[in-house]
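User: I would like to go through the charged side-chain pairs of this model and hear the reasoning behind each label. Please set the values against the cut-offs as you go.

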Amino acid sequence: MLLTLDKLSLSHDETAKFLFTLKDNAAIESVLVPFKSRDAVCLSTQVGCAMGCTFCFTSKMGLKRHLSSDEIIEQYLAVKKWVLEKNQQRLPPNIVFMGQGEPLHNFDELKKAIEWLTSPRGGKLGPRQITVSTVGFVPGLERFSELGGVNLALSLHTPFEAQRSEIIPLNRRWPLKDIFEALDQIPLRSQQFINFEYLMMKDFNMTPTHAEALAQLIGPRKAIMNLIPFNPYPGAPWQRPTSLEIEEFKKLLVAQRLRVFLRTTKGDEIMAACGQLNTQKELQ
Ligand code: SF4
């Protein structure tokens with residue numbers, strides 16, 4: 001075994017956060033998010049992260065190291081075992097690579113893990129059951145088709161280059177222009193959409209101008225905008241918008257004919273929601 005389960009936290013909405021210790025005493029987290037028909041497990045691909053996004057608690061850790069493909073797979077197997085022990089009737093969870101780390105920054109180990117997870121002798125999952133999320137690591141996007149047709153989620157968060165560079169330092173190296181060029185080279189299945197993740201931050205990225213520029217940027221691409229209310233963490237410089245502000249912004253996007261999906265926040269009371277993972281003890 002490469003991982004030991006150190007702590008399991010459960011929230012009232014049944015989100016479960018697993019804190020694992022690795023052989024070298026590094027710690028990572030995986031999060032099980034409950035859904036009616038099939039749960040999703042959010043897996044980590046690195047210990048910490050090098051990308052420095054200002055809205056994300058993981059970034060405060062910096063990058064400690066990449067995870068090996070076996071460490072990535074073991075997270076999945078441990079969480080799946082826990083799900084099936086509780087209820088044998090449940091389907092094995094879908095996977096989202098949205099935990100600690102930028103998955104495409106650890107491309108080769110991610111690829112090996114996905115190969116096993118989707119193989120008939122391994123995890124037996126279909127590529128549609130796996131989503132890889134990125135903030136726009138272009139060298140990985142250029143190789144995305146090597147991942148066997150899994151789903152792609154791009155953390156967009158604003159359509160404006162300068163504003164995006166403010167919150168995602170990687171955008172200075174690979175701006176939206178380069179990211180979209182790489183995205184357009186990725187072959188999609190007939191029913192496949194690109195997921196654009198949009199973290200709604202109060203007084204920052206929710207104006208009518210943002211909605212218009214988003215519609216222009218996304219254009220005719222097969223896309224779904226996933227709206228996520230900002231999840232606060234200790235010392236966060238951003239605030240979560242009110243329910244009214246969220247609804248208003250959603251209406252603006254719908255008026256621009258974008259496909260929009262509003263994600264309910266799950267697991268924030270146990271710091272398990274998007275952008276809240278951090279295993280550096282002094283920061284928690
Ligand atoms: S949002 Fe993702 S890429 Fe950015 S710092 Fe957090 S874990 Fe890393």
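Analyst: What follows takes a few salt bridges in turn, bearing in mind that the model is predicted.

User: What makes lysine 17 and glutamate 29 a salt bridge?

Analyst: Their side chains approach to 3.4 Å, N to O, and because the criterion asks for a Lys or Arg nitrogen within 4 Å of an Asp or Glu carboxyl oxygen, the pair qualifies. Lysine 17 belongs to strand S2 (residues 16-22) and glutamate 29 to strand S3 (residues 27-33), so the contact ties together parts that are 12 residues apart in sequence.

User: Why are lysine 17 and glutamate 29 called buried?

Analyst: Lysine 17 has a relative accessible area of 8% and glutamate 29 one of 2%; buried means under 20%, so both residues receive that label.

User: How do you know that aspartate 184 and arginine 221 meet in a salt bridge?

Analyst: The N to O distance is 2.8 Å, and the pair therefore satisfies the requirement of lying within 4 Å. Aspartate 184 sits in the loop between helix H6 (176-183) and strand S10 (194-200), and arginine 221 in the loop between helix H7 (208-218) and strand S11 (223-229), so parts 37 residues apart in sequence are tied together.

User: Why is lysine 251 called exposed, whereas glutamate 248 is partly exposed?

Analyst: Exposed means over 50%, so lysine 251, at 53% relative accessibility, counts as exposed, while glutamate 248, at 41%, falls between the cut-offs of 20% and 50% and is therefore partly exposed.

Note on methods
Residues numbered from 1 in each chain as written. Predicted model: local features only at pLDDT ≥ 70, side-chain atom pairs only at ≥ 80, totals over all residues. Heavy atoms only, no water. Helix = DSSP H or I, 4+ residues; strand = E, 2+ residues; numbered from the N terminus. Buried < 20%, exposed > 50% of the residue type's maximum accessible area, 1.4 Å probe, protein only.
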